[in-house]
Amino acid sequence: SQALAWIGHFPPGSLYGQLCQLLALTIGDRDPVATAGLLAESLSVTTRHQLLATLHARTRKQRKAAAASGGPSGDISEQLRGLSLQEGDPKNPPNSQNPPN
């Protein structure tokens, strides 16, 4: 249970799930509520990890498809690369609300 406390703040999905299952096995019938809690924790972390992995894979596929089709990139840094805050930049006309002095 000390190992669970060490990784409890930022649990890596597979390690945390396995650790919860092993602790549940060691507790067994002595404390059925704690065993059920550890198994529920294991399941929720594993499910969340799988969901995040699936979401990441879909996002990566969409970015590759957009790059291959020549569409706009999902990377914001690429979209903002041409922007400038300097007054003399021809890409950005002066703001009409703030006339020059």
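Me: Why is Lys 61 called exposed?
Reply: Lys 61 has a relative accessible area of 63%. Exposed means over 50%, buried under 20%, and partly exposed in between (1.4 Å probe, protein chains only). At 63%, Lys 61 is therefore exposed. Before we go on: this is a predicted model, where local features need pLDDT of at least 70 and side-chain atom pairs count only at pLDDT 80 or more, while totals for chains, interfaces and linings use all residues. Residues are numbered from 1 along each chain as its sequence is written, and side-chain values use heavy atoms, with hydrogens and water left out.

Me: Okay, and where does Lys 61 lie?
Reply: In helix 3, which covers residues 32-69. Helices are DSSP runs of H or I with at least four residues, strands are runs of E with at least two, and both are numbered from the N terminus.

Me: How many helices and strands are there in the chain?
Reply: Four helices and zero strands. Read from the N terminus, the chain goes α-α-α-α.

Me: What makes the surface patch with Lys 61 positive?
Reply: Its members are Arg 58, Arg 60, Lys 61 and Lys 64, and Lys and Arg count as positive, Asp and Glu as negative, with His and the chain ends not counted. Patch residues need over 30% relative accessible area and no salt bridge; like charges are joined within 9 Å, nonpolar side chains (Val, Leu, Ile, Met, Phe, Trp, Tyr) within 5 Å. A salt bridge would put a side-chain nitrogen of Lys or Arg within 4 Å of a carboxyl oxygen of Asp or Glu.

Me: What about Ser 42: buried or exposed?
Reply: Buried, because its relative accessible area is just 3%, under the 20% limit. Ser 42 is in helix 3 too. Across the chain, buried residues make up 15% of the 101 residues.

Me: What makes the link between Ser 42 and Gln 21 a polar contact?
Reply: Their side chains are joined at 3.2 Å. A polar contact needs a pair of N or O atoms within 3.5 Å; within protein, one must be able to donate a hydrogen and the other to accept it, and residues adjacent in sequence count only if both atoms are side-chain atoms. So 3.2 Å fits the limit.

Me: And why does Glu 41 count as partly exposed?
Reply: Because its 33% relative accessibility falls between the two limits. Glu 41 is in helix 3; from Cys 20 it is 21 residues apart in sequence and 7.1 Å apart in space, C-alpha to C-alpha.

Conventions: Accessible areas come from the Shrake-Rupley method with a 1.4 Å probe; for residues, only the protein chains shown count as cover. The place of a charge is taken as NZ of Lys, CZ of Arg, CG of Asp or CD of Glu.
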